[in-house]
Amino acid sequence: MKFMQYNQNQTLLLPPSLVECLPEDHLCFVIDDVVNSFNLSMIERGYVEEGHPAYHPKMMIKILFYGYTQDVRSSRKLENKTVEDIAFRYLSANAHLDHGTINLFRKTHLSELPFIFAQIIAAIKGLGLADFSDLSLDGTKIKAQASTDNLFTKKEITRLKSRIETFLAESDEVDLKEDKQFGKKRGYNQMPEHLADPKVRREKIRKIQKKLADLNNAGREIDRKQKEAKKDDKENKTQKGRRKQEKIRNLSSNTTDPEASLMKMKDGLSRMAYNVGLTTAKQFIAAYDVSDNPSDTRSLPEMVKKTEENTGQKVKKIKADAAYFTKNNINFLTDNQTEAFIPDTYMRADQRKEDKAKKENKPEKYDRKNFVYDKENDQFICPEGKPLKRAKYDHNKGKDVRTYRGAQCQDCSCRSLCTKGKIRSFTFDFELEAMRQIMRTRLNTTEGRRKYGERLYEIEPVMADLKRNQGLIEFLCRGKEMALVETGLASSAHNLKKLFFGLKRIGMKRKEVDWSSLMKTQTA
Ligand code: SF4
């Protein structure tokens, strides 16, 4: 016989169980075990006894978690999967969910998701799969569910609002006038043809009123952002670039999602987006957050705090890129007794310059590091032995930022080698400089280089997994709160996937794990 028997209409005496249709070590079983052990009392409290019984939150969470691991995030796609996909059908116990039900659950019952996320972390910690005291931190921009076409400045919003308000007021006036003129008999037949149908007319007015409400929301959001920007400006007077960025960001708002901000994405284009921050250990996500600020810089204290809350562990070491090197962050980490591995913005460039000078045997004689500080006279001495006197002193709010200017540069024969201007000058922040030196020394040791290098395989693959494999390149829901829920779902799904592979790595079977006792530290 050349071929095996092929009969699609073969009937079975007993229908097979869905469990038998899946391999024993399928991901859905781990998700099933973990979610079954969750304490979901805070979500269950949100349901009432009256009316038709709802689907169990455990089932809804399983469907969402498994969906997010498979790049199936839209409620309509999830609905289809509960009909077509065996793993989804097993998790839903063969219930075919409606997309509206899935969407409603995601929108109304997941405000306590961080608590669920912390229970997954407890399981990972209990199994010894990661040490959450040694972390990597980074941020990535995820597109919001809004187009830049609906981005308006405060001026445009005021202009559009006044046009709509005038239009509505004029319509009322015309209605009143015509009522008086024609009485009750005539009216509709006086309408233009495209507005003659009352249904069409009502819909048009509803749309105009919605537009007005959106514009009002966007206006309010601009006010809020401008207030924040003013506060930031006061704190960061010396950072011109950041101020400019803040100004651009805060002058406009989107009518579709007023909480999203205009951000420059990796492809160089500006889009409406949110900034997602993550901390990771051994490719497990320890904490996540969503911000409308395109800059990563100020998120560090909050991320460390969230990580410690989620893991119940002190953060002892943290690795991050140069965007996080600020005085506030370094001071925070020192107070928190966390060892930081964060290069400053110029560290790599300075290193390259030094290497090049060494290679070409041309020492950078007039580099700033060759200017010696004379503490007694509060001045610098240049390589030619001439002084640079203090010109400005900014000591606002505990700052110690001083500007020094060459006192004898006009007559110097080496001026063209030392400066492009007429006088050599530089600004010196003593506190920042001290931090920079300590950090550079730490990062230039073998251990420092190794530690900082860990970032590349600890956090970058996690970002790639969320975006490429789980499809988190655009949020499906609007608003910052929902962006946070979606990030929480994607992060939980990622951790469950890693947990699944982690079990294989340590040679444990899911049935051997006492999930409830692993999680009890979080649920106690
Ligand atoms: S230009 Fe001024 S700072 Fe530079 S070497 Fe000459 S005197 Fe010194």
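Trainee: How many bridges join strand 4 to strand 5?
Mentor: In this predicted model, strand 4, covering residues 261-264, is joined to strand 5, covering residues 270-281, by four bridges, and the two strands run antiparallel.

Trainee: And which residue of strand 5 stands opposite Met-263?
Mentor: That is Arg-271, which stands opposite Met-263.

Trainee: What links strand 4 and strand 5, and what about Gly-268?
Mentor: The two strands form a hairpin with five residues between them, and Gly-268, which sits in the turn, has a positive phi of about 90°.

Trainee: What holds strands of a sheet together, generally?
Mentor: Strands of a sheet pair through backbone hydrogen bonds, and the pairing can be either parallel or antiparallel.

Trainee: Now the open sheet: what is the order of its five strands?
Mentor: The order is 9-10-11-12-13, and the pairing in this open sheet is antiparallel.

Trainee: Which strands stand at the edges there?
Mentor: Strand 9 (372-374) and strand 13 (425-429) do, and each of them has a single partner strand, so one side of each is left without a neighbour in the sheet. From one strand to the next, the twist averages 30°.

Trainee: Can we go through the middle, then? How many bridges join strand 10 to strand 11?
Mentor: Three bridges join strand 10, residues 379-381, to strand 11, residues 387-394, and these strands run antiparallel. Gln-379 has Lys-389 of strand 11 as its bridge partner, while Ile-381 stands opposite Pro-387 in strand 11.

Trainee: Which residue takes a positive phi in that hairpin?
Mentor: Gly-385 does, with a value near 80°, in the hairpin of strand 10 and strand 11, which has five residues between the strands.

Trainee: And over how many bridges do strand 11 and strand 12 pair?
Mentor: Strand 11 pairs with strand 12, residues 401-406, in the antiparallel sense over six bridges. Lys-389, the bridge partner of Gln-379, has Arg-405 as its bridge partner in strand 12.

Trainee: Switching to the ligand: which residues come nearest?
Mentor: Of the 13 residues around the ligand, Cys-382, Gly-406, Cys-409, Cys-412 and Cys-418 come nearest. Sorted by class, the shell around the ligand has six nonpolar, three polar and four charged residues.

Trainee: OK, helices next. At what angle do helix 1 and helix 18 pack?
Mentor: Helix 1 (residues 27-36) and helix 18 (residues 480-505) pack at an angle of about 110°, with their axes 10 Å apart. The two helices are therefore roughly perpendicular to each other, and their crossing is right-handed.

Trainee: Which residues make that contact?
Mentor: From helix 1 the contact is made by Leu-27, Val-30, Ile-31 and Val-34, and from helix 18 by Leu-496, Lys-497, Leu-499 and Phe-500. By class, this contact has seven nonpolar, no polar and one charged residues.

Trainee: And helix 3, how does it cross helix 18?
Mentor: The axes of helix 3, residues 57-69, and helix 18 come within 8 Å and cross at roughly 75°, and these helices are therefore roughly perpendicular to each other.

Trainee: What meets what there?
Mentor: Leu-64, Phe-65, Tyr-68 and Thr-69 in helix 3 meet Leu-489, Ala-490, Ser-492, Ala-493, Leu-496 and Lys-497 in helix 18. By class, the contact of helix 3 with helix 18 has seven nonpolar, two polar and one charged residues.

Note on methods. Residues are numbered from 1 along each chain as its sequence is written. This is a predicted model: local features need pLDDT of at least 70, side-chain atom pairs count only at pLDDT 80 or more; totals for chains, interfaces and linings use all residues. A residue is near a molecule or strand if its C-beta atom, placed from the backbone, lies within 6 Å of it. Ala, Val, Leu, Ile, Met, Phe, Trp, Tyr, Cys and Pro count as nonpolar, Asp, Glu, Lys and Arg as charged, and the others, Gly among them, as polar. Axes are lines fitted to C-alpha atoms, for helices over the stretch in contact, and angles run from 0 to 180 degrees between N-to-C directions. Angles under 35 degrees count as roughly parallel, over 145 as roughly antiparallel, 65 to 115 as roughly perpendicular and the rest as oblique. A crossing is left-handed if the near helix is turned anticlockwise from the far one by less than a right angle, and right-handed if clockwise. Two residues are in contact if their C-beta atoms, placed from the backbone, lie within 7 Å. Two strands pair if DSSP finds at least two bridges between them.
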